[in-house]
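These are my notebook entries on a predicted model. I looked up enclosed and open spaces, aromatic contacts and a few loop residues.

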Amino acid sequence: MPDIEESEMEEEKPNLSPEPDDAQELEFRPWVLWSGVGLAAAVSLGLLVYTYTGSFQRGYQQGYEEGSVQGFNSAIESNLVKEQLNAAAEQNVLGVMRLHSTSDATLRQAAADTDKAFGWIRNTEVRLESEWQLADALLQRNLGNDALKVLDSLAGRVPHHAEWAYRFLRSADLLTAQKKQSGAAKYYSLAAGFFAENTMPEMRLLALGHMVALELGASLQSADALAVWKSRLAELESMGDETKPLRSLLQVHMAEQYRCTENRAEAEKLYRAALEGIDPAKETRPEYAAAYGSALLELGDAAAAEPLLRQAAENLSNQPVHVAARLLAMRQLAAMEQNRGQKALALGLLQRVQGVAEGRVQPENSFWPCLFDQRGWLQYLTLNYQAALQDFQAALSNTQDPLLMVQPLEGAGRCHLELARPEQAFPLLQKCLELRQTHMPSDKSAIGRLNLLLGQIYDQQDKGSEAEAAYGAAVENLTADTPDEQDNRRLAMLGRAYALGELRRWQEAYSAWEQLIPLLDEHPDRREEARNQMRRIKPYLSAETPDDASGENPQ
C-alpha cells in the first residue's frame with residue numbers, strides 16, 4: 001500500500017473552527033443548512049484513511065464499514081456535527097441581532113431581496129422577526145423607501161396580534177417623520193385594524209388620531225384637504241361614538257379652513273358640531289383641548305376657551321402626531337391677544353408658530369397661506385405695511401387656490417396703497433374682486449369694499465367714469481347695518497357724488513348729495529360740504545328741479 005502524503009491528509013480535513021465573521025457586517029449563509037453533511041463526509045474519509053494505514057488485512061469491506069458507518073455514527077454521537085452546526089447558526093442569529101450596527105449598504109442589500117437574505121431561516125416566526133428587525137433598522141436610519149419594501153412584504157404575512165399593531169404604529173410614526181405620507185397612512189390603518197381585532201379601543205383611537213394628524217399636515221391645498229377630511233370624518237362616524245373626540249378635532253380643523261376661505265356659515269356649523277363631540281371634563285388629551293377651546297373662542301366664549309388653549313399649547317409636543325393641534329392652539333391664542341389689543345404679544349406668538357411649523361408642516365399645505373395671511377393683517381393693523389406686504393406675498397406664493405388668495409390679495413393691495421403705490425395696488429385689488437365675484441358672489445360686503453378701494457384709485461388717476469362706476473357698485477353692495485359697513489357706504493356715496501359732479505352729470509350729482517345729507521348727522525363738516533356742493537350744482541339744473549327736494553333748502 002503506497003504511503004499517503006501528510007499534505008494530502010491536510011487537504012481532506014474539515015475546518016472545524018471557522019473564522020468568525022465581522023460583527024459589523026451581516027452575512028447570511030444558506031450553506032449552513034448543509035454543513036452537517038459535509039462535516040460527516042470529511043470525518044468518514046478520515047476514518048477510512050486510518051483503517052487503511054492500520055491493517056490492510058482487515059479488508060476493504062471492513063474498513064469501509066468502520067469508516068463510513070461506525071465512524072459517522074461515532075461523530076454524531078460525540079456531538080461534533082451538532083456543535084459545528086450550532087456555532088454557525090449562532091453566528092447567523094447574532095448577525096440578525098446586530099442589524100442596527102450593520103452598514104447602510106448591507107441593510108439596503110438585504111431589503112432589496114429578503115428571500116435571499118433570510119431564506120435560510122426555516123422557522124416562520126423567526127423569519128418574520130428577522131425581517132421586522134431589518135425594517136426597524138432601516139427606519140431608524142431614515143431609509144424609509146427601503147423600509148417600506150420590507151414592511152410591504154411583511155404586511156400580508158404577519159399574525160394580527162397586538163404586538164404587530166404596536167410595531168406598525170411605530171413604523172407609521174417614523175414614516176410620518178420622514179414625510180412618507182402614503183406609506184405612513186397604510187400602516188396607521190393596519191395598526192388601527194389590528195388594535196380593533198384585539199379589542200383595544202383606546203389604542204385604535206390613538207392610531208386613528210395619528211392618521212388624522214398626518215392628513216392635517218399633508219401636502220394638501222384647501223379644496224383637496226377638505227375632500228380628504230370629509231371622507232375621513234365619514235369613516236370615523238361609521239365607527240361609533242368612541243371616535244367623537246377625534247371627529248371634533250377634525251371638524252375644528254375643517255372649520256378653520258372654511259374660515260380662512262371666508263365661508264363663515266359652514267365654519268360656524270362645524271364649530272358647533274365640534275363642541276357636541278368633546279366633554280372637557282372627561283377628555284384629558286391636549287389635542288382635544290385645542291379643538292374644544294378653538295370652537296369656544298370662535299363662538300364667542302373667550303374666557304372658557306383660554307385655559308384649554310393654553311393647556312394644549314403647553315402640553316403638546318412638536319412631534320408630527322401633535323404639531324397640527326399645537327399650531328392650532330397657538331394661532332388661536334394669538335387671535336385672542338390681538339382682540340385684546342395686545343398686538344405685539346400676538347405677533348410674537350405667530351412668529352413662534354412659524355418656527356414650530358417649519359419642517360413639520362408640508363410646504364404645499366394650506367396652513368401656510370392661512371398663517372401668513374393672519375400675520376399679514378396683524379402687521380397691517382400695527383401700521384407696519386412693509387412687513388405686512390411681505391407676509392401677504394408669502395401667502396400668495398404658497399397657494400394657487402383662489403379661495404385662499406382673496407384675502408392676501410386685498411391685504412397686499414392695501415399695503416401698496418398705504419405706501420403710496422396705487423399703480424401696484426390696482427392689479428392686486430382688481431384680481432381680488434374678480435375672484436370674489438366668481439367664487440364668493442354672496443359676500444356683498446367684501447365686493448363693495450373692493451369697489452370702494454378701486455374707485456379711490458381711479459380718482460387718483462383722474463378716471464372719472466371708472467371711478468363713478470366703481471363707487472356706484474360699492475354703494476349697491478354695502479348694505480349691511482354695521483358701523484364699519486355704514487362708514488364705507490358713506491365714503492362710497494361721497495366719492496360717487498364728487499365723480500358725478502366732475503362728469504357734469506348735474507341731476508345725478510345733485511341727487512347723490514341730497515341722499516347723503518341724512519347720513520351725515522354725526523359729521524357736521526361733511527354735512528356742510530354736501531350743502532355747498534348742492535348750491536354749486538343747482539344753477540346747472542333744469543328749472544323743473546324743486547328747491548326743497550330733500551326737505552332741506554341749500555340756499
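Entry 1: the second largest cavity.

I sorted the lining of the second largest cavity by class and obtained seven nonpolar, one polar and one charged residues. The residues concerned are Cys260, Pro369, Cys370, Asp373, Leu403, Leu404, Val406, Gln407 and Pro408. Two elements, α19 (367-381) and α21 (402-418), give two or more residues each to this lining. The most comes from α21, with five residues. I noted a volume of about 40 Å³ for the second largest cavity. My search of the whole structure returned three cavities of 30 Å³ or more.

Entry 2: the largest pocket.

I then turned to open space. The largest pocket holds about 1,200 Å³. I found 41 residues in its lining, and those nearest its centre are Arg259, Cys260, Arg331, Asp373 and Gln407. Cys260, Asp373 and Gln407 appear in the lining of the second largest cavity and also among the residues nearest the centre of the largest pocket.

Which elements supply at least two residues of the lining of the largest pocket? I recorded α13 (244-260), α14 (264-277), α15 (286-298), α17 (320-339), α19, α21 and α23 (444-460). The largest share, eight residues, belongs to α17. By class, I entered 17 nonpolar, 11 polar and 13 charged residues for the lining of the largest pocket.

Entry 3: the second largest pocket.

For the second largest pocket I noted about 340 Å³ of space. Its lining consists of 22 residues, with Leu205, Leu206, Arg285, Glu287 and Tyr288 closest to the centre. The elements giving two or more residues to this lining are α11 (201-216), α13, α15 and α17. I credit α11 with the most, at nine residues. The class count for the lining of the second largest pocket is 14 nonpolar, three polar and five charged. I remark that α13, α15 and α17 are listed for the largest pocket and again for the second largest pocket.

Entry 4: aromatic contacts.

I described each pair of aromatic rings by the distance of the centres and the angle of the planes. The structure holds 13 aromatic pairs, and I examined two of them in detail.

Trp377 and Tyr380 form an edge-to-face pair, with 5.6 Å from centre to centre and 70 degrees between the planes. Because these two residues are three residues apart in helix α19, about one helical turn separates Trp377 from Tyr380. Trp377 is partly exposed at a relative accessible area of 22%, whereas Tyr380 is buried at 12%.

Tyr498 and Trp513 form a further edge-to-face pair, at 4.8 Å between centres and 85 degrees between planes. This pair joins distant parts of the chain, with Tyr498 in helix α25 (residues 483-502) and Trp513 in helix α26 (residues 506-516), 15 residues apart. Is Trp513 buried or exposed? I recorded Trp513 as buried, at 1% relative accessibility, while Tyr498 is partly exposed with a relative accessible area of 34%.

I also looked for a cluster. Trp132, Trp164, Phe168, Tyr187 and Phe194 form one aromatic cluster. One member, Trp164, has Arg167 lying over its face, at 4.8 Å from the ring centre.

Entry 5: loop residues.

I located Asn365 in the loop between α18 (343-357) and α19. Since its relative accessible area is 4%, I entered Asn365 as buried. Which residues does Asn365 touch, not counting those up to four places away in sequence? I listed Leu216, Gly217, Ala218, Ser219, Leu220 and Gln221.

I next checked backbone angles. Ala420 has phi near 60 degrees, a positive value in a residue other than glycine. Its place is the loop between α21 and α22 (422-439). I recorded Ala420 as exposed, at 61% relative accessibility.

Asp462 likewise has phi near 60 degrees, again positive in a residue other than glycine. I found Asp462 in the loop between α23 and α24 (464-477). With a relative accessible area of 70%, Asp462 is exposed, whereas the loop residue Asn365 is buried.

Note on methods:
Residues are numbered from 1 along each chain as its sequence is written. This is a predicted model: local features need pLDDT of at least 70, side-chain atom pairs count only at pLDDT 80 or more; totals for chains, interfaces and linings use all residues. Side-chain values use heavy atoms; hydrogens and water are left out. On a 1 Å grid over the protein atoms alone, a cavity is a set of points where a 1.4 Å probe fits but cannot get out, and a pocket is an open set with protein on both sides within 12 Å along at least five of seven lines; lining residues have an atom within 4 Å of a point. Grid points are joined across faces, edges and corners, and a volume is the space filled by probe spheres set on the points. Helices (H or I, at least four residues) and strands (E, at least two) are DSSP runs, numbered from the N terminus. Ala, Val, Leu, Ile, Met, Phe, Trp, Tyr, Cys and Pro count as nonpolar, Asp, Glu, Lys and Arg as charged, and the others, Gly among them, as polar. Rings of Phe, Tyr and Trp (its six-membered ring) pair if their centres lie within 6.5 Å; planes under 30 degrees apart count as stacked, over 60 as edge-to-face and the rest as tilted. Buried means under 20% relative accessible area, exposed over 50%, partly exposed in between (1.4 Å probe, protein chains only). A charge sits over a ring if NZ of Lys or CZ of Arg is within 6 Å of the ring centre and within 35 degrees of the ring normal. Contact means heavy atoms within 4.5 Å.
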